[in-house]
Amino acid sequence: MSLWVRLCSVSEAPKPGEVTEIVVNGLEVCLANVDGELRALNNICPHRGGPLGQGWLEGTAVVCPWHSWAFDTRSGRALPPDCGKVDVISLRVDGDDVLIEVS
């Protein structure tokens, strides 16, 4: 069964073009603001475990700060030539709260 939990307030969310990392209920989340749209991914890069939320955005992709692997924030897939995937986490804004869906 899934549950919606509060990740942060809208005012605490990253500004357009920025990313951050937040831990909620033991889940490490990379929260990205892509042109005003918030997107959530699992924060752990599958390459070497780097913290995606400490990286940066290039277009719609978040780039891992350790080895520059880039992941599309819509699909979670690594951009070529790399391969791999991170989980995309369902997100919604309810009033001033940013909520994510967790199992």
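This is a short tour of a predicted model, moving from the whole chain to two of its sheets.

**Whole chain**

Start with everything selected. The protein has ten strands and zero helices. Colour by position along the sequence, and the pattern reads β-β-β-β-β-β-β-β-β-β.

Now align the view to the principal axes. The C-alpha atoms fill a box of roughly 40 × 30 × 20 Å. The radius of gyration is 13 Å, which agrees with the value near 13 Å for a compact globule of 103 residues.

Switch on the surface. The accessible area comes to about 5600 Å². Carbon and sulfur atoms account for 48% of that area. Of the 103 residues, 44% are buried, taking buried as under 20% relative accessible area.

Next, show contacts. Take those between residues at least 6 apart in sequence: 41% of them join residues at least 24 apart.

**First stop: β1, β10 and β9**

Select residues 3-9, which form β1. Add 97-102 for β10 and 91-94 for β9. Together these three strands make an open sheet, ordered β1-β10-β9. The pairing is antiparallel.

Which strands lie at the edges of this sheet? They are β1 and β9, and each pairs on one side only. From one strand to the next, the twist averages 35°.

Zoom in on β1 and β10. Six bridges join the two strands, which run antiparallel. Pick S9 and look across: D97 in β10 stands opposite.

Before moving on, display the backbone. Strands of a sheet pair through backbone hydrogen bonds, either parallel or antiparallel.

**Second stop: β5, β6 and β7**

Clear the selection. Take 56-58 for β5, 61-63 for β6 and 70-72 for β7. Here is another open sheet of three strands, in the order β5-β6-β7. Its pairing is antiparallel.

The edge strands are β5 and β7, each with pairing on one side only. With direction ignored, neighbouring strands of the sheet are turned by 35° against each other on average.

Close in on β5 and β6. How many bridges join β5 to β6? There are three, and the strands run antiparallel. Select L57, then find V62 opposite it in β6.

**Last view**

Show both sheets together. One is ordered β1-β10-β9, the other β5-β6-β7. Keep two residue pairs labelled: S9 with D97, and L57 with V62.

Terms used. Residues are numbered from 1 along each chain as its sequence is written. This is a predicted model: local features need pLDDT of at least 70, side-chain atom pairs count only at pLDDT 80 or more; totals for chains, interfaces and linings use all residues. Side-chain values use heavy atoms; hydrogens and water are left out. Two strands pair if DSSP finds at least two bridges between them. Helices (H or I, at least four residues) and strands (E, at least two) are DSSP runs, numbered from the N terminus. Axes are lines fitted to C-alpha atoms, for helices over the stretch in contact, and angles run from 0 to 180 degrees between N-to-C directions. The radius of gyration is taken over C-alpha atoms; the globule rule is 2.2 Å times the number of residues to the power 0.38. Buried means under 20% relative accessible area, exposed over 50%, partly exposed in between (1.4 Å probe, protein chains only). Contact means heavy atoms within 4.5 Å. Accessible areas come from the Shrake-Rupley method with a 1.4 Å probe; for residues, only the protein chains shown count as cover.
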